[in-house]
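Work through the exercises below with the model open. Try each task before reading its solution.

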Amino acid sequence: MTFTKQAAFQEAFDQYYKDIVELNLSNDIDDFTVTRIDPVTGEVETKAGLTITAAVANIIPPQTAGAIALSAGLADPGWCPVDPNSFASTKAPHIYVLGDSAMANEMPKSAFSAHSQGLGVAAHLAAEIEARPSAPGRYRNTCWSIVAPNDAIKIGADYAPGPLPGGKPGLVPANAFVSKPGESAAERKATYDEAFAWYPTLTGQIFKTTSR
Ligand SMILES: Cc1cc2nc3c(=O)[nH]c(=O)nc-3n(C[C@H](O)[C@H](O)[C@H](O)COP(=O)(O)OP(=O)(O)OC[C@H]3O[C@@H](n4cnc5c(N)ncnc54)[C@H](O)[C@@H]3O)c2cc1C
């Protein structure tokens, strides 16, 4: 099984958590598809027949676009296809879908992505209102993960509309970066500080309490 920021995460796991957290990774989805939960005993049973007794269980329900998007016919079938230039729905005119509900491959589903997409949609709408051509969308994502106090890792990229491998239109990453194992404590602390600076910057921009 592979996952985002894997090498840096595995290093952090070995450094901080290997003696207190049991790690079970699998490529078989049935190993993790929950069929029974007993909140009294903490038992979680999976489709593959595994029974795990957890001290803490974070059960993630099947993921889809929000109910309002599904009932409005914007999804195909679970997520909403959009024009990657503008995030306009391809299922209904004059509707924009952004954030987690949108099919925005290769952009990850994140608050950073959703905010970046929101800026793109606003620019597109402004151009439409002023009856001028809108520039193709340019988007960005960064996802930070705090692995321990003063130690964080990150991954990110810029995204622009274009063909994905296989030819379907999507959002093509460029200038990608990812934290690597073996980075210095000073670099990890800088990433940690960046992560904590991001949230007030984001909410400040959304609610206009800081300038862009
Ligand atoms: C544990 C966890 C950690 C995460 N960490 C990060 C992180 O560090 N960085 C990052 O960038 N992202 C992170 N994310 C992802 C991030 O939270 C989502 O990508 C982001 O919130 C998506 O924004 P959204 O606006 O698309 O959807 P949401 O944030 O889900 O917002 C949708 C809103 O619509 C409301 N709503 C639904 N139906 C209706 C209706 N009919 N009428 C009115 N309102 C309605 C909902 O109540 C909700 O408030 C994390 C997610 C999780 C679960």
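The exercises cover the ligand shell, two helices, unusual backbone angles and one loop residue.

The model is predicted: local features need pLDDT of at least 70, side-chain atom pairs count only at pLDDT 80 or more, and totals for chains, interfaces and linings use all residues. Residues are numbered from 1 along each chain as its sequence is written.

**Exercise 1. The ligand shell**

Task: list the residues around the ligand and sort them by class and by element.

Solution.
- Step 1. Apply the cut-off: a residue is near a molecule if its C-beta atom, placed from the backbone, lies within 6 Å of it.
- Step 2. Read off the shell: Gly66, Ile68, Gly99, Asp100, Ser101, Lys109, Ser110, Ala111, Phe112, Ala114, Cys143 and Trp144.
- Step 3. Sort by class. Ala, Val, Leu, Ile, Met, Phe, Trp, Tyr, Cys and Pro count as nonpolar, Asp, Glu, Lys and Arg as charged, and the others, Gly among them, as polar. The shell has six nonpolar, four polar and two charged residues.
- Step 4. Assign elements. Helices (H or I, at least four residues) and strands (E, at least two) are DSSP runs, numbered from the N terminus. Helix H3 (111-129) and strand S6 (139-148) each supply at least two shell residues. H3 gives the most, with three.

**Exercise 2. Two helices**

Task: check the lengths of H3 and H4, then find what covers their buried residues.

Solution.
- Step 1. The expected span is 1.5 Å times one less than the number of residues.
- Step 2. H3 has 19 residues and should span 27 Å; its end C-alpha atoms are 27 Å apart, which agrees.
- Step 3. H4 has 23 residues and should span 33 Å; the end C-alpha atoms of H4 are 34 Å apart, which agrees.
- Step 4. Find the buried residues. Count other C-beta atoms, placed from the backbone, within 10 Å of a residue's own: 20 or more is buried, 12 or fewer exposed, in between partly exposed. In H3 the buried residues are Ser113, His115, Ser116, Gln117, Gly120 and His124. In H4 they are Arg188, Thr191 and Tyr192.
- Step 5. Find the cover, using contacts (C-beta atoms, placed from the backbone, within 7 Å). For H3, the cover includes S6 and helix H4 (185-207). For H4, the cover includes S6 and strand S7 (151-163).
- Step 6. Look past the ends. Ala131 follows H3 and has a positive phi near 50°. Lys208 follows H4, with a positive phi near 60°.

**Exercise 3. Backbone angles**

Task: locate the cis bonds at Pro77 and Glu106, then decide whether Phe87 and His94 are buried or exposed.

Solution.
- Step 1. Asp76 and Pro77 are joined by a cis peptide bond, omega about -10°. Pro77 sits in the loop between helix H2 (67-71) and strand S4 (80-81).
- Step 2. Asn105 to Glu106 is also cis, omega near 10°. Glu106 is in the loop between strand S5 (102-103) and H3.
- Step 3. Phe87 is not a glycine, yet its phi is positive, about 65°. Phe87 lies in the loop between S4 and S5. It counts as buried because it has 23 C-beta neighbours inside 10 Å.
- Step 4. His94 has a positive phi near 65°. His94 is found in the loop between S4 and S5. It has 7 C-beta neighbours inside 10 Å, so it counts as exposed.

**Exercise 4. One loop residue**

Task: describe the surroundings of Ala54.

Solution.
- Step 1. Ala54 lies in the loop between strand S3 (51-53) and H2.
- Step 2. Ala54 has 13 other C-beta atoms within 10 Å, so it is partly exposed.
- Step 3. Not counting residues up to four places away in sequence, Ala54 touches Gly42 and Val44.

Technical notes. Two residues are in contact if their C-beta atoms, placed from the backbone, lie within 7 Å.
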